[in-house]
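Reader: Could you walk me through this protein while I have it on my screen? I'm in my first year, so please take it slowly.

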Amino acid sequence: EKLLDSQIILWWDAIQNRVSDLKSNGSKTPKVIIVGTHADLLGNAQDYADHIHKKLKVRFHSRMNSLQDRVQILEQELSELDPKRKEKGSLNIKENDMVPLSIKVQIQTMECEIKKLGHQQKCTIALPSSIYAVSSKDFSNFGKFKEQIASSLTEIGPSGKYFPQLDEELPASWFRLRKFVREQSTRKGKECMKLPQYFKLISDELGIDEDVGVRATRFCHELGDILFFEKEGLVFLRPSLLIDVFKLVIRHDHKESTYWRTDLSKLIDEEKFNIGKDLLLHKGELEEWFLDILWSPIHDDLGKESSIRNNLIQLLETFDIATPVEYGGHKRLLIPEFQPKFINKSWLEQRDKGDF
């Protein structure tokens, strides 16, 4: 139950809060599929997957009922404040000067809360009908998993079609861009780029201007070919790189898999390495120099001079993986996944020492 809340539900809520779009002409939420990997390591992997799905189903049903109950309670309270509400709809403040100001404030607050709850209901991502335990070693359940992905292309979610573009005629330039980014994704140095560099590349190679490029890139993002982060100023032509960026920070097996190696001796000694590792695993504090070490397997130039390093750190913050803080002129990242759940020492004493 604890792992369900701290891992799957936390991840699910992060997606729901950032990707849902009430303005979408299709589904307001994305299609999300949960898959259990490394099934070959467990004799009854599918039983575990089914158990997790059952638990999630109960949890999601309870959440939706809770939202509906809160709406009904607020509607009832509004009816008591304004008995004629059912006949005339929401209270028109200008036409009801006889209503005391305190009542008007209560009514406006409740109506605002009902609207927010309505948004939550519309932006609740639907739980997939099944969770399959798959293995790339013996390919168990791969057929069912592929069928699940394929069926989602025409699936209609609670608020509309997940991929409404499949029924539309789209500009040829979008497909030229799609083919181009697929080719570029395998080239060294093109896995992830800042947006100015990316837009210059597609302008030089394809003659596509930035305005068309933005819309075509969003299209490729929605199809899963790339990852496009306008706010953070990055585009991932190889989406798996972002998974590695996250995984190397919050991997579950840091204790065993993250260790000092002789090839790191030019950068850091073993004692300092172990100090950085202990800070991360026991206090959830990640020093920037230790982050460079964690990221070293995926990108040789993700050090302080990297052109995209700060953008990647911003993505860690966007996805609630890390929170940058500065204390006494010293920057570090706080990693909630590894922070203690409770404060077991005097807060004032630890705060004064800069101990988070």
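Author: Gladly, and please keep in mind that this is a predicted model. Of the 356 residues in the protein, 37% are buried.

Reader: And how many helices and strands does the protein have?

Author: The protein has 14 helices and 10 strands. If you take the contacts with a separation of 6 or more, 63% of them are between residues 24 or more positions apart.

Reader: What about the outside, how much area does the protein expose?

Author: About 22300 Å² is exposed, and carbon and sulfur atoms supply 53% of that area. There is also a nonpolar surface patch of about 340 Å², which is made by Leu41, Leu42 and Tyr48.

Reader: Where is Tyr48 placed?

Author: Tyr48 sits in helix α2, which covers residues 45-81, and with a relative accessibility of 46% this tyrosine counts as partly exposed.

Reader: Switching topic, how many salt bridges does the structure hold?

Author: The structure holds 15 salt bridges. One of them pairs Asp244 with Lys247, and the closest N and O atoms there are 3.5 Å apart. Asp244 and Lys247 are three residues apart in helix α9 (residues 240-250), so about one helical turn separates them.

Reader: Which side chains meet Glu285 in a salt bridge?

Author: The side chain of Lys283 meets Glu285 at 3.7 Å, N to O, and the side chain of Arg332 meets Glu285 at 2.7 Å, again N to O. The pair of Arg332 and Glu285 links distant parts of the chain, since Arg332 lies in strand β10 (residues 330-334) and Glu285 in strand β8 (residues 285-287), 47 residues apart.

Reader: Are Arg332 and Glu285 buried or exposed?

Author: Both Arg332 and Glu285 are buried, and for Glu285 the relative accessibility is 2%. Lys283, on the other hand, is partly exposed, with a relative accessible area of 26%.

Reader: Okay, and which residues do salt bridges that share partners join into one network?

Author: That network is made of Arg178, Arg182 and Asp225.

Reader: One last residue, then: why does Ser152 count as buried?

Author: Ser152 counts as buried because its relative accessibility is 5%, while buried means under 20%. Ser152 belongs to helix α5 (residues 142-152), and a polar atom of its side chain lies 2.5 Å from the backbone oxygen of Ile149.

Reader: And what is Ser152 in contact with, leaving aside neighbours within four places in sequence?

Author: With those neighbours left aside, Ser152 is in contact with Lys31, Tyr162 and Phe163.

Definitions and conventions. Residues numbered from 1 in each chain as written. Predicted model: local features only at pLDDT ≥ 70, side-chain atom pairs only at ≥ 80, totals over all residues. Heavy atoms only, no water. Helix = DSSP H or I, 4+ residues; strand = E, 2+ residues; numbered from the N terminus. Buried < 20%, exposed > 50% of the residue type's maximum accessible area, 1.4 Å probe, protein only. Polar contact = N/O pair within 3.5 Å; in protein donor to acceptor, adjacent residues only side chain to side chain. Contact = heavy atoms within 4.5 Å. Patch = residues over 30% accessible without salt bridge, like charges linked within 9 Å, V, L, I, M, F, W, Y side chains within 5 Å. Areas by Shrake-Rupley, 256 points an atom, 1.4 Å probe, with all protein chains shown as cover. Salt bridge = Lys/Arg side-chain N within 4 Å of Asp/Glu carboxyl O.
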